Amino acid sequence: MKIAEIRSKTILSSSQVYDYVINPYVGCQHGCSYCYARSMKRFTGHREPWGDFVDVKINAPELLRKEITRKKKGEVWVSGVCDPYQPLEARYRLTRQCLEILAENRWPVVIQTRSPLVLRDMDLFKKAESWQVGLSITTADDRIRQIFEPKAPPIGARLKAVAELHDKGIATYVMIAPLLPGGENLVAILAGKVDYLILDRMNYHYADAIYARYGWREMNSDGYFSAMRRRIEEECRQRNIDCRAAY
Ligand code: SF4
């Protein structure tokens, strides 16, 4: 793993998903097999495989303090092309410091992570207004997780984290994206401990070799994703959970 401390030029960037996005790191230690963010390597010049490098934007909080005064208030996504709670965050606390600034200035925030390290910042979530905290959980089966995202935290730890956030009254969502085999069982396992779900199919080809190796091509097809969407939407309807399908 190649880790470099860098000084970035900006931190609060415009986004097509929310108003802004903050990425305190370039690269992601989780290195998920299907991750679209690997395409960024074209712009950053990294030659290492995706998941084997991280640039740490050590001036992120300093930049945010300046940029937040110059930009119109809007919803901030943390993060788009890295996990804001990847293991290095325990040491650098850049996500934490950026969130403190956003909270002080009362900006709305949407957090998205695969890591239970997010629970460390519960004190901020409890105080903040209009914040949402999401766990990305792609399958209910940890054996499937180990195949597609072996360096990301176990499914059980993510489910526990989302339940704890929900129990503490934080607005929570689960991002089933991309829907992996076994993802269709998540609604039942969540047992209502979530405010809403976002569902998306596999949209990229980076993990095609895995589907082929295990004979799972059918579970990466239009027919499969349509059937699973219908099933998940129906289960959400029965439990009164808002389900936002992106396909
Ligand atoms: S955690 Fe997110 S950003 Fe990191 S490798 Fe996985 S999908 Fe990509």
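1. Let's start with how this chain folds back on itself. In the protein, 72% of the contacts with a separation of 6 or more are between residues 24 or more positions apart. Keep in mind as you read on that this is a predicted model.

2. Now the overall build. The protein has 10 helices and 11 strands. Its radius of gyration is 18 Å, close to the 18 Å that the globule rule gives for 247 residues, so the protein is as compact as a globular protein of that length. If you lay the C-alpha trace along its principal axes, it spans about 50 × 40 × 30 Å. Of the 247 residues, 42% are buried.

3. Next, the domains. There are two to look for: domain 1 covers 1-110 and domain 2 covers 137-247. Their C-alpha centres lie 24 Å apart. Where they touch, domain 1 gives 10 residues to the contact and domain 2 gives 10 residues. On the domain 1 side, that set sorts into four nonpolar, five polar and one charged.

4. Have a look at the open sheet with the order β1-β5-β4, which is made of three strands with mixed pairing. Which strands stand at the edges? They are β1 (2-6) and β4 (25-26); each has a single partner strand, so one side of each is left without a neighbour in the sheet. As a reminder, strands of a sheet pair through backbone hydrogen bonds, either parallel or antiparallel. Here β1 and β5 run parallel and are joined by five bridges. To find the pairing on screen, look for Ile6, which stands opposite Lys57 in β5.

5. Stay with that sheet and pick out Asp55, which sits in strand β5 (residues 53-57). Is Asp55 buried or partly exposed? It has 18 C-beta neighbours inside 10 Å, and being buried takes 20 or more, so Asp55 counts as partly exposed. Leaving out neighbours within four places in sequence, Asp55 is in contact with Ala4, Ile6, Tyr25, Val26 and Gly27. Ile3 is a nice example of folding at work: Asp55 and Ile3 are 52 residues apart along the chain, yet their C-alpha atoms are separated by 5.8 Å.

6. Compare that with another residue, Tyr196, found in strand β10 (residues 196-199). Tyr196 has 16 C-beta neighbours inside 10 Å, so this residue too counts as partly exposed. Not counting residues up to four places away in sequence, Tyr196 touches Tyr173, Ile241, Asp242 and Arg244. Leu159 is 37 residues from Tyr196 along the chain, and the two C-alpha atoms are separated by 14 Å.

7. Then there's strand β8 (residues 131-136). Five of its six residues are buried, so β8 is largely enclosed by the rest of the structure. Strand β7 (residues 109-113) pairs with β8 in the parallel sense, over five bridges. One place to see this is Val110, whose bridge partner in β8 is Gln132.

8. Last, the ligand. Which residues are around it? You'll find Cys28, His30, Gly31, Cys32, Cys35, Ala37, Cys82, Asp83, Arg114 and Ala152. By class, this shell divides into six nonpolar, two polar and two charged residues. Try sorting the names into those classes yourself while you have the structure open.

Notes
Residues are numbered from 1 along each chain as its sequence is written. This is a predicted model: local features need pLDDT of at least 70, side-chain atom pairs count only at pLDDT 80 or more; totals for chains, interfaces and linings use all residues. Helices (H or I, at least four residues) and strands (E, at least two) are DSSP runs, numbered from the N terminus. The radius of gyration is taken over C-alpha atoms; the globule rule is 2.2 Å times the number of residues to the power 0.38. A residue is buried if 20 or more other C-beta atoms lie within 10 Å of its own, exposed if 12 or fewer, and partly exposed in between; C-beta atoms are placed from the backbone. Two residues are in contact if their C-beta atoms, placed from the backbone, lie within 7 Å. A residue is near a molecule or strand if its C-beta atom, placed from the backbone, lies within 6 Å of it. Ala, Val, Leu, Ile, Met, Phe, Trp, Tyr, Cys and Pro count as nonpolar, Asp, Glu, Lys and Arg as charged, and the others, Gly among them, as polar. Domain bounds come from an automatic or database domain assignment. Two strands pair if DSSP finds at least two bridges between them.
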